[in-house]
Amino acid sequence: MSCIAPIAGTAADREAAVAREVEKLKRRVIWSERAGGDRWRQISFLYRAADRFGSRIIDHSFCCGEIGATGCSIGSCCRCRPDVFAYERQVLDLLPKRVDASGYCPFFNLARKNCGIYGVRPFACRIYFNFASSDHYCQNPNDMTLQLFDNIKPHLERILGTYLGGYGS
């Protein structure tokens, strides 16, 4: 992630760039069903598409300015129970988790303020970015993020299993 200089172009240019990446992600999610008959191959394709999306839009998000050497300096987006599908729940159930009343994801490292399961984080976490100009939407998803997730959810369910809502609910 570069995130060194401010993003060039107008707000409309940035919005258009993000909209193009959103459409690419939608297509890739649909294509992941055709990545081969092997479910593991499809899952791998799906997560790579989400990670590619993140690397391409990070510079257009509020998140870019908040990332330091140890990750996000705010961590507000992790004050939740991450949205998961059946496959993801099976994986997360195998991992050690923090049990407390902090309100943060059970896998969020409170001391370092970063994700403790970054490599195996759920799909929803991989595509969540704040596209506003303040930290308000760090914890409160904006319409674009919600619409993206809702639009691709049926395709994700075909590969990752039933959508289960927030992990731990």
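**Exercise 1. Which residues of helix H4 (residues 86-93) are buried?** Find them in the model, which is a predicted one, and work out how they sit around the helix.

*Solution.*
- Step 1: Go along H4 and pick out the buried residues, which are Tyr-87, Glu-88 and Leu-92.
- Step 2: Look down the axis. These residues cover an arc of only 130° around it, which puts them on the same side of H4.
- Step 3: Now see what lies over them. The cover includes helix H2 (39-57), strand E3 (83-85), helix H5 (123-127) and helix H7 (143-160).

**Exercise 2. Step back and describe the whole protein: how many helices and strands does the secondary structure come to?**

*Solution.*
- Step 1: Count the elements, and you get 7 helices and 6 strands.
- Step 2: Put them in order. Starting at the N terminus, the run is α-α-α-β-β-β-α-β-β-α-α-α-β.
- Step 3: Check the burial. Of the 169 residues in the protein, 37% are buried.
- Step 4: Look at the contacts. Take those between residues at least 6 apart in sequence, and 71% of them join residues at least 24 apart.
- Step 5: Turn to the outside. The accessible surface is about 9,400 Å², and carbon and sulfur atoms account for 53% of that.

**Exercise 3. Follow the salt bridges of Glu-21. Is Glu-21 buried or exposed?**

*Solution.*
- Step 1: Place the residue. Glu-21 is part of helix H1 (residues 11-32).
- Step 2: Apply the cut-off. Buried means under 20% relative accessible area, and Glu-21 has 11%, so it counts as buried.
- Step 3: List the contacts. Leaving out residues up to four places away in sequence, Glu-21 touches Phe-53, Arg-56 and Ile-57.
- Step 4: Find a partner in H1. Lys-24 makes a salt bridge with Glu-21 (3.3 Å, N to O). The two are 3 residues apart in H1, about one turn of the helix. Lys-24 itself is partly exposed, at 27%.
- Step 5: Find a partner in another helix. Arg-56 also meets Glu-21 in a salt bridge (3.8 Å, N to O). This pair links distant parts of the chain, with Arg-56 in helix H2 and Glu-21 in helix H1, 35 residues apart.
- Step 6: Put it together. Through shared partners, Glu-21, Lys-24 and Arg-56 join into one salt-bridge network.

**Exercise 4. Try another salt bridge, between Arg-121 and Asp-51. Where do Arg-121 and Asp-51 lie?**

*Solution.*
- Step 1: Take the distance, which is 3.1 Å from N to O.
- Step 2: Locate the ends. Arg-121 is in the loop between strand E5 (114-115) and H5, while Asp-51 is in helix H2, 70 residues apart from it.
- Step 3: Check both for burial. Arg-121 is buried at 9%, whereas Asp-51 is partly exposed at 32%.

**Exercise 5. Now for the rings: how many aromatic pairs does a search of the whole structure find?**

*Solution.*
- Step 1: The search gives 7 pairs.
- Step 2: Take Tyr-47 and Phe-123 as one of them. Their centres are 6.4 Å apart with 35° between the planes, a tilted pair.
- Step 3: Note where they sit. Tyr-47 is in helix H2 and Phe-123 in helix H5, so the pair ties together parts 76 residues apart in sequence.
- Step 4: Compare with Tyr-104 and Phe-108. Here the centres are 4.8 Å apart and the planes at 10°, so this pair is stacked.
- Step 5: Return to Tyr-47. Arg-126 lies over its face, 4.3 Å from the ring centre.
- Step 6: Finish with a cluster, formed by Phe-85, Phe-149 and Tyr-163.

Key
Residues are numbered from 1 along each chain as its sequence is written. This is a predicted model: local features need pLDDT of at least 70, side-chain atom pairs count only at pLDDT 80 or more; totals for chains, interfaces and linings use all residues. Side-chain values use heavy atoms; hydrogens and water are left out. Buried means under 20% relative accessible area, exposed over 50%, partly exposed in between (1.4 Å probe, protein chains only). Helices (H or I, at least four residues) and strands (E, at least two) are DSSP runs, numbered from the N terminus. The arc is that of the directions from the helix axis to the C-beta atoms. Contact means heavy atoms within 4.5 Å. Accessible areas come from the Shrake-Rupley method with a 1.4 Å probe; for residues, only the protein chains shown count as cover. Rings of Phe, Tyr and Trp (its six-membered ring) pair if their centres lie within 6.5 Å; planes under 30 degrees apart count as stacked, over 60 as edge-to-face and the rest as tilted. A charge sits over a ring if NZ of Lys or CZ of Arg is within 6 Å of the ring centre and within 35 degrees of the ring normal. A salt bridge is a side-chain nitrogen of Lys or Arg within 4 Å of a carboxyl oxygen of Asp or Glu.
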